[in-house]
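Morning, everyone. I have one structure to walk through today, so let's put it up.

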Amino acid sequence: MKTLLVYLICLFPTFLIAQDSKPDDRGYKVKVGDQAPSDFKLVLSNGETTSLSKLKGKVVVLQFTASWCEVCREEMPHLEKDVWQAYKDKGLMLIGVDRDEPLKVVQKFAKDMKITYPLALDPGADIFGRFADKKSGVTRNVVIDQQGKIAYLTRLYNKEEFKGMLAAIEKLLK
């Protein structure tokens, strides 16, 4: 009986985590107000490494992207101008997290898109999978506040939702 009780106590948190990670109708496993998953490192295309814990105290935008994604390509110039250039010196870090592509493809992608914000590699879409169902698509932004909580989520490039994200970023940086 004691063994069964210990077994159930050990399994219960796993059950809760499994319940919480069921994707919503947009494919997200996380929601606004959740503590952002941070059990990963971001290996940038320039060879540097960072993590959400290193970026604590900043507003962080993770842009999940890929070179083959046309909607990503449509959104990226707006992220460069309206997010990165506007807020990089005001306490914001924008990192594009490229879904499962090799380094040379990611570097060419950044050059082709004329972006200056960093891109990180995401082999196997493992980072993506912490935030969204791996079967769901890219072109999504996760805004994380200075304490590591999710403050805003976008899916696809929708101009109204993008404006909402900008307003959320502005509010966090005040």
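Start with helix α3: which exposed residues does the face turned away from its buried side carry? They are Lys 104, Lys 108 and Lys 111. Keep in mind throughout that this is a predicted model.

Now turn α3 over. The helix runs over residues 103-113, and its buried residues are Val 106, Phe 109, Ala 110 and Met 113. Looking down the helix axis, those buried residues fall within an arc of 95 degrees, so they line one face. The general reason for such spacing is simple: an α-helix has 3.6 residues a turn, so residues three or four places apart point the same way. What covers that buried face of α3? The cover includes β3, α2, β4 and β5. Right after α3 comes Lys 114, with a positive phi near 60 degrees.

Let me step back for the overall layout. The protein has 5 helices and 7 strands. Along the sequence the order is α-β-β-β-α-β-α-β-α-β-β-α. There are 174 residues, and 45% of them count as buried. Take the contacts between residues at least 6 apart in sequence: 68% of these join residues at least 24 apart.

Next, the helix at the end of that pattern, α5. It covers residues 159-173, which is 15 residues. From first C-alpha to last it reaches 21 Å, close to the 21 Å expected at 1.5 Å a residue. Its buried residues are Glu 161, Phe 162, Met 165, Leu 166, Ala 168 and Ile 169. Down the axis of α5, they fall within an arc of 160 degrees, so these too line one face of the helix. Note that Glu 161 is on that buried list. On the face turned away, the exposed residues are Lys 159, Glu 160, Lys 163 and Lys 171.

What do the buried residues of α5 pack against? Five elements: β3 (59-65), α2 (70-87), β4 (92-99), β6 (140-144) and β7 (150-155). Look also at the start of the helix. There, a side-chain oxygen of Asn 158 reaches to within 2.9 Å of the backbone nitrogen of Glu 160.

Now a residue in a loop, Ser 67. You will find it between β3 and α2. Is Ser 67 buried or exposed? Buried: its relative accessible area is 15%, and the cut-off for buried is under 20%. The Ser 67 side chain makes a polar contact with the side chain of Glu 101, at 2.5 Å. Leaving out residues up to four places away in sequence, Ser 67 touches Arg 73, Asp 98, Glu 101, Val 105 and Phe 109. We have met Phe 109 already, among the buried residues of α3.

On to Asp 122. This residue sits in strand β5, residues 119-122. Asp 122 is buried, yet it has no salt bridge. How far away is the nearest side chain of opposite charge? That side chain is Arg 130, and it is 6.2 Å away. A salt bridge needs the nitrogen and the carboxyl oxygen within 4 Å, so this pair does not qualify. Asp 122 does have a polar partner, though. A polar atom of its side chain lies 3.0 Å from the backbone nitrogen of Asp 126. Beyond its neighbours within four places in sequence, Asp 122 is in contact with Val 97, Asp 98, Arg 99, Asp 100, Ile 127 and Phe 128. Asp 98 also appears among the residues that Ser 67 touches.

So where does Arg 130 find its salt bridge? With Asp 39, at 2.7 Å from N to O. Arg 130 lies in helix α4 (residues 128-131) and Asp 39 in the loop between α1 (2-20) and β1 (42-44), so the pair ties together parts 91 residues apart in sequence. Arg 130 is partly exposed at 28% relative accessibility. Asp 39 is exposed, at 56%.

How many salt bridges does the structure hold? There are 7. Two others are worth pointing to on screen. Lys 31 pairs with Asp 34 at 3.2 Å, N to O. Lys 31 is exposed at 51%, while Asp 34 is partly exposed at 22%. Then Asp 82 pairs with Lys 81, the closest N and O atoms being 3.5 Å apart. Here Asp 82 is partly exposed at 23%, and Lys 81 is exposed at 60%.

That's my tour. Over to you.

Definitions and conventions. Residues are numbered from 1 along each chain as its sequence is written. This is a predicted model: local features need pLDDT of at least 70, side-chain atom pairs count only at pLDDT 80 or more; totals for chains, interfaces and linings use all residues. Side-chain values use heavy atoms; hydrogens and water are left out. Helices (H or I, at least four residues) and strands (E, at least two) are DSSP runs, numbered from the N terminus. The expected span of a helix is 1.5 Å times one less than its number of residues. Buried means under 20% relative accessible area, exposed over 50%, partly exposed in between (1.4 Å probe, protein chains only). The arc is that of the directions from the helix axis to the C-beta atoms. Contact means heavy atoms within 4.5 Å. A polar contact is a pair of N or O atoms within 3.5 Å; within protein, one must be able to donate a hydrogen and the other to accept it, and residues adjacent in sequence count only if both atoms are side-chain atoms. Lys and Arg count as positive and Asp and Glu as negative; His and the chain ends are not counted.
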